[in-house]
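Subject: Structure for you to look at

Hello,

Please find the structure below. My notes on one helix and on some charged pairs follow.

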Amino acid sequence: MENRNDELDQFKTRINLAEYAASQGYQLDRRESSRNSAVMRRESDNDKIIIATDTDGHGVYFSVRDEQDNGSIVDFVQRRKGWNLGQTRKELRPWLGVEPMPVPERIKKPEPSSKDRQAAMGAFAQMQPQPAGGHPYLLSRGINSETLADPRFVGMIRADQRGNAVFPHYDSHGLSGYELKNKGFTGFSRGGEKRIWHSANIGNAERVVVVESAIDALSHAQETGDHEAAYISIGGQPSPEQWAVLETALLNKQAQGAALVAGTDADVAGDVLAERIAELVPGIERQRPTAGDWNEQLQRRDDYEPAAPSGPRMG
């Protein structure tokens, strides 16, 4: 019995679950994947899964379509083929051989991640894009549907089942958690880690504006008419971990020759943040809103007409 249990553990640790999934018709979504997650889809049954590596080295997966469909590679095989444990062992033993099994493409095994991060990745993957025409709460803040439809922002704003606007946070490993916003409510994913939110064009933009919130980023883009800049939000007063992620991101962009702008709030705290950012990346430009923050400036426009607000959906 002990040897058979050892074999199960080898299945879970030695077999690259992402490559096994590829052999079963799943294709890697490189845009959504990161260092600690492989997002894969199968057209034949419209399945979408996220594969990660637990801290004990076990490969794990969870289906975006079915919350009950998750577990190890053993669960993956049994669930999809309807096999018992004996049949599953026979299926997986060849994958423990010296020679690698043939697969459509070689996929790097995700780096280990915590249960909390895996939970955040799974929950975020199940969220829907913001509603057509824009998220009601963001529209109520004066951000128009054209801004919300900008490709820089479309994929970086989602909506949860409670109607909250959702802004994903990232670090060098991938998704670390997500911020929740609604009328009178601000929250963060349970167990998630606040890092930085950024627009989708951060990789190739020639100009990057650092602001204090994602709503400020949307407001700055609309207020200034800047259609090319990428945005980074630090979510208010950053933690030491956030400062480290921000410094790496800005130094990388500076090395690429991008222009950097500190667009923090027009108050003492915002000025202090701008000075701290300038210490990280000397030469950064300071762009101060005329009133409070960029959303407040947007709402002070003479032609400002807020949409009907959405109700708070806390939790």
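The face of helix H11 that points away from its buried side carries the exposed residues Val 268, Glu 275 and Glu 279. Keep in mind throughout that this is a predicted model.

H11 runs over residues 268–280, which makes 13 residues. From its first C-alpha to its last it reaches 19 Å, close to the 18 Å expected at 1.5 Å a residue.

Which residues of H11 are buried? They are Gly 270, Leu 273, Ala 274, Ile 277 and Leu 280. These residues lie on the same side of H11, because they cover an arc of only 110° around the axis. What do the buried residues of H11 pack against? Their partners are helix H10 (240–255) and three strands: E12 (207–211), E14 (259–262) and E15 (285–286).

Now to the charged side chains. Side chains of opposite charge can pair when their charged atoms come close. The structure holds 25 salt bridges, and I picked out three.

The first to look at is the pair Lys 115 and Asp 54, whose side chains meet in a salt bridge at 2.6 Å, N to O. This pair links distant parts of the chain, with the two positions 61 residues apart in numbering. Lys 115 belongs to helix H5 (residues 115–125), while Asp 54 sits in the loop between strand E3 (47–53) and strand E4 (59–63). Are the two partners buried or exposed? Lys 115 has a relative accessible area of 56%, over the 50% cut-off, so Lys 115 is exposed. Asp 54 has 6%, under the 20% cut-off, so Asp 54 is buried.

Next is the salt bridge between the side chains of Arg 300 and Glu 296, at 2.8 Å from N to O. Arg 300 is exposed, with a relative accessible area of 58%. Glu 296 counts as partly exposed at 31% relative accessibility.

Last, Glu 32 forms a salt bridge with Arg 41, and their closest N and O atoms are 3.0 Å apart. Both partners are partly exposed: Glu 32 at 24% relative accessibility and Arg 41 with a relative accessible area of 31%.

Where do shared partners join salt bridges into one network? That network consists of Asp 29, Arg 31, Glu 32, Arg 41 and Lys 48, so when you look at the pair Glu 32 and Arg 41, view these residues together.

Regards

Methods
Residues numbered from 1 in each chain as written. Predicted model: local features only at pLDDT ≥ 70, side-chain atom pairs only at ≥ 80, totals over all residues. Heavy atoms only, no water. Helix = DSSP H or I, 4+ residues; strand = E, 2+ residues; numbered from the N terminus. Expected span 1.5 Å × (residues − 1). Buried < 20%, exposed > 50% of the residue type's maximum accessible area, 1.4 Å probe, protein only. Arc of directions from axis to C-beta. Contact = heavy atoms within 4.5 Å. Salt bridge = Lys/Arg side-chain N within 4 Å of Asp/Glu carboxyl O.
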